[in-house]
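I opened my notebook to look up a few things in a structure, one entry at a time. Come along and check each entry against the picture.

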Amino acid sequence: MIKELQVNSGNRNELIDVTSQVAEVAKGVLDGVITLFVPHTTAAITINEGADPDVKTDILRKLSELIPKNDGYEHAEGNSDSHLKSSLFGPSLQVIVENGRLVLGTWQSIYFCEFDGPRNRKLIIKY
Amino acid sequence: MIKELQVNSGNRNELIDVTSQVAEVAKGVLDGVITLFVPHTTAAITINEGADPDVKTDILRKLSELIPKNDGYEHAEGNSDSHLKSSLFGPSLQVIVENGRLVLGTWQSIYFCEFDGPRNRKLIIKY
Amino acid sequence: MIKELQVNSGNRNELIDVTSQVAEVAKGVLDGVITLFVPHTTAAITINEGADPDVKTDILRKLSELIPKNDGYEHAEGNSDSHLKSSLFGPSLQVIVENGRLVLGTWQSIYFCEFDGPRNRKLIIKY
């Protein structure tokens, strides 16, 4: 089965917590592995700390410092930084499900990574 | 089932579009998830824009600027940069298949990432 | 089936070879794909060269040079570098199994990546 989530971002760079939406889908899976897939080339999917919002701030700030928006890129759309970030974080992720519940560590949240927003995005869940 | 694709690179750093070969394998899969796996330690697999070739140029140039070929590395083979790039982009990727077709976004292409070419490489597809 | 491996690190940054433990689990799988999942937000999983230990040294040194421990981060725990490294290398990985054996390239080893040790960690294997 395939489910498409709508994810709307409000900033150019943003980590959007989608854990509860993915957990909702997991309820219908007894045991197995869910595949999360981002059908965009300037966005990604990752897992990181969900407790302190400063972690998100630090991750996005340092990443943009390493890969600045303007840096003599040839691609005319002005988002080559977004494309590189997308490949570094990656478009797909696997999450394990046990008895209808996501197998995540205590501090883990699933984040849709927006690197060229604000935009209306999709996250595809295969279960 | 397992299929091995032959991928031959022509440069030290190169993103090689393998979407059509993977799509060919997907035709034999009704619905499911395909695993792409790179059995090398100086290459990787990613998904990014397939329309404007400048995106590939920018990604490879910026990545090499962050991780230069020569940087006081201890590994005597002179390809520690390639090894780090390989882990950053990653050796495996999952692609969803629906009715024998790859579920990809409009702008997405699948790229074999050469980081220490030119070499003859393999891409393993498990379906 | 799910198996939890115990992984204990001895340094702040460390790549710990877990290939033999994963291969042991693979013996019980005829053919398929194993999912490796790290339930931590300052650790990751990757595949890289297992032959020359200098490769591990170079990877960890260069990565820490790009993402220093102290860099004006807001997160008060002092491990924002670890969180970013964790997302760059990634929390999950797929490995193919054929006839009970891991399908790995000649030089490939599977590494648990510690980025905020020393700690007692877990690696979850779904097979």
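These entries go from a chain contact to a helix, then to ring pairs and two single residues.

**Entry 1: where chain B meets chain C**

I noted at the start that this is a predicted model. I then asked how many residues each chain gives to the contact. I found 26 residues from chain B and 29 residues from chain C. The size of an interface is often given as the accessible area lost when the parts come together. For chain B and chain C I read a buried area of about 2400 Å², and carbon and sulfur atoms give 60% of that area.

Next I looked up the polar side of this contact. I counted 2 salt bridges between chain B and chain C. One of the salt bridges I looked at joins the side chains of C:Arg61 and B:Asp71, at 3.5 Å from N to O. I also listed 14 residue pairs in polar contact between the two chains, with both residues at pLDDT 80 or more.

Which elements of chain B give two or more residues to the side that touches chain C? I wrote down β3 (31–37), α3 (80–89), β5 (92–98) and β8 (120–126). The largest share, 5 residues, comes from α3(B). Sorted by class, I have 13 nonpolar, 10 polar and 3 charged residues on this side of chain B.

**Entry 2: helix α3 of chain B**

I stayed with α3(B) and asked why it can be called largely enclosed by the rest of the structure. The reason is that 10 of its 10 residues are buried. Among them I ticked off B:Ser80, B:His83, B:Lys85 and B:Phe89. Just after the helix I found B:Gly90, with a positive phi near 95°.

**Entry 3: aromatic rings**

I found 3 aromatic pairs over all chains. In chain A, the ring centres of A:Phe89 and A:Phe115 are 5.6 Å apart and their planes stand at 85°, so I noted the pair as edge-to-face. A:Phe89 sits in helix α3, while A:Phe115 is in the loop between β7 (108–114) and β8 (120–126), 26 residues apart. Both A:Phe89 and A:Phe115 are buried.

In chain C I looked up C:Phe89 and C:Phe115, an edge-to-face pair with 5.6 Å from centre to centre and 85° between the planes. C:Phe89 is in helix α3 of chain C, and C:Phe115 is in the loop between β7 and β8 of that chain. Are these two rings buried or exposed? C:Phe89 is buried at a relative accessible area of 7%, and C:Phe115 is buried at 0%.

**Entry 4: A:Ser86**

I found A:Ser86 in helix α3 of chain A. A:Ser86 counts as buried because its relative accessibility is 2%, and buried means under 20%. A polar atom of its side chain lies 2.8 Å from the backbone oxygen of A:Ala43. Away from its sequence neighbours, A:Ser86 touches residues including A:His40, A:Pro91 and A:Phe115, and A:Phe115 is one of the rings from Entry 3.

**Entry 5: C:Gln108**

My last stop was C:Gln108, in strand β7 of chain C. C:Gln108 is buried, at 6% relative accessibility. What does its side chain reach at 2.9 Å? I read the backbone oxygen of B:Val38. A polar atom of the C:Gln108 side chain also lies 2.8 Å from the backbone nitrogen of C:Gly105. Beyond its sequence neighbours, C:Gln108 is in contact with residues including B:Phe37, B:Pro39, C:Ile47 and C:Asn48.

Definitions and conventions. Residues numbered from 1 in each chain as written. Chains lettered and ligands numbered in written order. Predicted model: local features only at pLDDT ≥ 70, side-chain atom pairs only at ≥ 80, totals over all residues. Heavy atoms only, no water. Contact = heavy atoms within 4.5 Å. Buried area = accessible area lost by both parts, 1.4 Å probe. Salt bridge = Lys/Arg side-chain N within 4 Å of Asp/Glu carboxyl O. Polar contact = N/O pair within 3.5 Å; in protein donor to acceptor, adjacent residues only side chain to side chain. Helix = DSSP H or I, 4+ residues; strand = E, 2+ residues; numbered from the N terminus. Nonpolar A, V, L, I, M, F, W, Y, C, P; charged D, E, K, R; others polar. Phe/Tyr/Trp six-rings, centres within 6.5 Å; stacked < 30°, edge-to-face > 60°. Buried < 20%, exposed > 50% of the residue type's maximum accessible area, 1.4 Å probe, protein only. Lists of a residue's contacts leave out its neighbours within four places in sequence.
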